[in-house]
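Q: Please go through the assignments made for this structure and give the reasoning behind each of them.

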Amino acid sequence: MNKRLALILIITLSLISVFTPSLFAKNNSSVRVIVGEVDNDNDFKFYCQYDTRWGNNPYDGRGRTIRSSGCGPASMAMLLGTYRLSAVPGSGKIATPETVANVFTQKGWSWTSGNQTGCANPDGCYGTKPLSIVDKNWLSSVGLKRAQSDIAGDGFPGEILSTSKMRLAENYTNSGWYLLAAISNWPSSSGGTIGHEVVVLNVNPSQQTITVASPSDNCYSTNFKRTVSTRSLKFISLVPIKNK
Amino acid sequence: MKNRAVLILIVTLVIITIILIALALFPSRNKESVNPNTPLPTPTTIEIVIPTPSDLNKEAISTVTYSTQAAKLNQKAFLLANLILLLPYQGNLFSLTYDFETDSFSLTLNSQSAIEAKEEFERFLNQNGIQNSLWLENIITSYK
């Protein structure tokens with residue numbers, strides 16, 4: 001009987017050892033659990049820039065990829081996708097980071113192919129701002145519009161938002177706008193800070209926090225929202241965008 | 001007693017198996033799971049590539065040009081945000097409001113002193129860095 005018990009124990013432990021890594025050790029390339037796209041939260045469409053469908057696609061023609069430098073197109077794809085719009089009008093395909101990155105690359109808006117940037121990396125954009133992706137004419141052509149104001153248009157390295165500007169931002173989100181934010185010191189989930197672009201979903205001036213959809217954070221969870229303190233965040237630009 | 005131990009072990013095994021299967025199936029709500037053979041992206045920190053000095057030199061000229069244009073465009077949008085912070089504003093001869101939902105301004109001028117009201121409005125804009133009232137798009141003007 002002891003042998004039988006031992007056998008059952010061995011089987012149990014084997015099953016655990018086989019399944020557990022694939023469930024929790026996400027660095028393992030054999031894992032088949034993919035959450036690169038979420039479409040079930042009040043219709044906001046979340047895209048992860050790491051997703052293998054596009055993550056390894058070249059983005060700037062100099063060896064960089066959507067994974068490494070595509071936070072801009074991924075954030076824009078979220079906005080387009082949320083409104084079920086296409087990056088290429090008439091194509092009938094809802095925008096993805098891949099299709100947006102292709103457009104940006106063609107227009108010379110990718111990370112380093114032109115003078116502008118898809119990400120807010122201060123080194124990549126040499127202190128300029130990611131204006132390309134908030135270009136009014138292009139936005140209009142794809143069915144989006146931007147507000148006249150740029151809440152944090154102070155340039156690189158960006159400004160820490162005052163309470164009054166937080167309230168301004170809150171007024172926009174409460175009025176149906178998303179805020180496309182370029183931030184020079186985004187707190188990376190793995191430590192340190194990075195230049196980054198995210199979509200701001202909610203602003204809380206009293207708590208001094210924002211809730212965002214970041215294309216590089218919470219990629220493996222259906223709860224993609226991340227709330228961060230704005231006390232030390234440096235916003236290069238913060239542009240209200242919604243559908244026309 | 002032994003039978004009870006075996007029973008407990010079997011039940012435990014079944015529960016663990018069910019939990020593991022449930023956990024494995026959990027992400028299938030995601031659209032990506034339609035194609036289970038797609039390999040997983042390896043999460044890493046975002047690579048920040050710092051340009052070498054030679055990279056900087058290569059793009060320096062065009063960057064300067066762009067920066068100037070970008071600065072002008074963004075400066076305008078930035079100043080408009082600062083203006084919106086002051087609204088609603090009531091002057092002596094005019095009032096200005098902003099509607100967040102429609103991204104539009106409403107200007108009301110004193111009809112009895114329309115010219116002076118417009119001048120006061122322009123001065124107000126200038127004081128706040130707005131060089132020209134044409135910077136304000138979607139402006140609805142009325143007289144009262």
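Q: Which residues of β2(B) lie on the covered face, and which on the uncovered one?
A: In this predicted model, B:Phe94, B:Leu96 and B:Tyr98 make up the covered face of β2(B), and B:Ser95, B:Thr97 and B:Asp99 the uncovered one. In a regular strand, side chains point alternately to one face of the sheet and to the other.

Q: What packs on the sheet of chain B?
A: β3 (residues 104–109) and β4 of chain B are joined by five bridges in the parallel sense. Helix α3 (residues 114–127) of chain B packs on the sheet and touches β2 (94–99), β3 and β4 of that chain. The direction of the helix makes about 140° with that of β3(B).

Q: What makes β1(B) and β2(B) a pair?
A: Pairing requires at least two bridges, and β1(B) and β2(B) have two bridges, in the antiparallel sense. One of the residues involved is B:Tyr89, whose bridge partner in β2(B) is B:Leu96. Three residues form the hairpin connection from β1(B) to β2(B).

Q: How many bridges join β2(B) to β3(B)?
A: The two strands run antiparallel and are joined by six bridges. B:Leu96 has B:Leu107 as its bridge partner in β3(B). Their hairpin has four residues between the strands, and B:Asp103 in this hairpin takes a positive phi near 55°.

Q: Why is the sheet of chain B called mixed and open, and what is its strand order?
A: The four strands follow the order β1-β2-β3-β4 in an open sheet. β1(B) and β2(B) are antiparallel, whereas β3(B) and β4(B) are parallel, and the pairing is accordingly mixed. β1 (89–90) and β4 (139–143) of chain B are the edge strands: each has a single partner strand, so one side of each is without a neighbour in the sheet.

Q: Why does A:Arg84 count as exposed?
A: The cut-off for exposed is 12 or fewer C-beta atoms within 10 Å. A:Arg84 has 12 C-beta neighbours inside 10 Å, so it counts as exposed. A:Arg84 is in the loop between α3 (71–82) and α4 (97–106) of chain A, and has a positive phi of about 55° although it is not a glycine.

Q: Why is B:Asn138 partly exposed?
A: B:Asn138 has 13 C-beta neighbours inside 10 Å and therefore counts as partly exposed; buried would need 20 or more. B:Asn138 is in the loop between α3 and β4 of chain B, also with a positive phi of about 55°.

Q: What is the omega of the peptide bond from B:Leu87 to B:Pro88?
A: Omega is near 5°, and the bond is cis. B:Pro88 is in the loop between α2 (53–85) and β1 of chain B. Most peptide bonds are trans.

Note on methods
Residues numbered from 1 in each chain as written. Chains lettered and ligands numbered in written order. Predicted model: local features only at pLDDT ≥ 70, side-chain atom pairs only at ≥ 80, totals over all residues. Contact = placed C-beta atoms within 7 Å. Axes fitted to C-alpha atoms, helices over the stretch in contact; angles between N-to-C directions.
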